[in-house]
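Open the structure in your viewer and keep the sequence panel beside it. The tour below goes selection by selection.

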Amino acid sequence: MSLPDAVAKVATLLAEAALTGVAHPPVRDLLPEADIEAAYAVQRLNVERGLAAGRRPVGRKIGLTSPAVQRQLGVGQPDFGVLFADMAVAESGQIAAGRLLQPKVEAEVALVLNEDLPHRDPTVADLLRATAFALPALEIVDSRIANWDITIVDTVADNASSGLFVLGGTPVPLDRVDLRGVRMSMTKNCQTVSEGTGADCLGGPLNAALWLAATLASLGDPLRAGDIVLTGALGPMAVAAPGDEFVARIEGLGTVGVGFAASEGVKA
């Protein structure tokens, strides 16, 4: 099978898994071994299909910002995926049971841009100038790959294991918070399940955002004014089940929460 045919096949399998709610076995063996570029080609194809269907892109997410997770998957770099408007969940909203396949929740810092970042060698000053504000965020990651049996190829192809996201409602300018030093605590049903600091995200959320800005600019698809950037987890993710309630507190940014409905009748 040619590479274009393999990319199209994997994209279709992942799209069908999302549509049917039935996770697919790992797709890495359907692509050249450890070929991250091929995996991104799969991601781009499904993003293009989403655009053609009328979905609206609103930003990017960064994954694999934890050194421990990078070691687990045998990689030395983060990855990224695309955020669409229909992935946003209202703060303290309820996510319908069955909307996702196998969700997990992680707390992150979100940045919202008010300027483009077109340069391949962005500086911290460029990023600070381009960022309107930061928000506390929850990313609900999901995998169309059965049992989360993933390598870097699987997760990149699967839009970096994107699911949904929740943004807190109080914007904080960057000159009012030290993102590297912030402390995060996330509870699940009032029990602490994750803790960390800004430094646990690639040494700091701004480092992750700079990596993303440079990477996307080099691909000719830079970050734009208005984009949301989920910069990566500040601590371990936690498995979510119907009826669960999550709240994250990020020092200097505030809180953000979301619930998972116990029945099919409630939608985000």
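**Stop one: a buried threonine**

Select T155 and list its contacts, leaving aside neighbours within four places in sequence: they are D79, I150, A160 and S161. Keep in mind that this is a predicted model. T155 sits in helix 5. Its relative accessibility is 5%, and because buried means under 20%, T155 counts as buried.

**Stop two: helix 1**

Now select residues 3–20, which form helix 1. What distance separates its end C-alpha atoms? They are 26 Å apart, and this agrees with the 26 Å that 18 residues should span at 1.5 Å a residue.

Colour A6, V7, V10, A11, L13, L14 and A17, the buried residues of helix 1. Looking down the axis of helix 1, you will find these buried residues within an arc of 160 degrees, so they line one face of the helix. The spacing follows a general rule: an α-helix has 3.6 residues a turn, so residues three or four places apart point the same way.

Turn to the face of helix 1 directed away from the buried side, where P4, L19 and T20 are exposed. To see what the buried residues of helix 1 pack against, add helix 2 (36–52) and helix 5 (152–157) to the view. Just past helix 1 comes G21, with a positive phi near 80 degrees.

**Stop three: helix 2**

Select helix 2, which has 17 residues. From first C-alpha to last, helix 2 reaches 24 Å, close to the 24 Å expected at 1.5 Å a residue.

At the start of helix 2, show the side chain of D35: one of its oxygens comes to within 3.2 Å of the backbone nitrogen of E37. Just after helix 2, select G54, where phi is positive at about 100 degrees.

Which residues of helix 2 are buried? They are A38, A39, Y40, V42, Q43, N46, V47 and G50. Show helix 1, strand 2 (79–84) and helix 5 as well, since the buried residues of helix 2 pack against these elements.

**Stop four: the largest pocket**

Finally, display the pocket surface. The largest pocket holds about 730 Å³ of space. Its lining is made up of 28 residues, and those closest to its centre are L14, A18, R55, R144 and S162. Two elements already visited return here: helix 1 and helix 2 each supply at least two residues of the lining of the largest pocket. L14 in particular belongs to the buried set of helix 1.

Key. Residues are numbered from 1 along each chain as its sequence is written. This is a predicted model: local features need pLDDT of at least 70, side-chain atom pairs count only at pLDDT 80 or more; totals for chains, interfaces and linings use all residues. Side-chain values use heavy atoms; hydrogens and water are left out. Helices (H or I, at least four residues) and strands (E, at least two) are DSSP runs, numbered from the N terminus. The expected span of a helix is 1.5 Å times one less than its number of residues. Buried means under 20% relative accessible area, exposed over 50%, partly exposed in between (1.4 Å probe, protein chains only). The arc is that of the directions from the helix axis to the C-beta atoms. Contact means heavy atoms within 4.5 Å. A polar contact is a pair of N or O atoms within 3.5 Å; within protein, one must be able to donate a hydrogen and the other to accept it, and residues adjacent in sequence count only if both atoms are side-chain atoms. On a 1 Å grid over the protein atoms alone, a cavity is a set of points where a 1.4 Å probe fits but cannot get out, and a pocket is an open set with protein on both sides within 12 Å along at least five of seven lines; lining residues have an atom within 4 Å of a point. Grid points are joined across faces, edges and corners, and a volume is the space filled by probe spheres set on the points.
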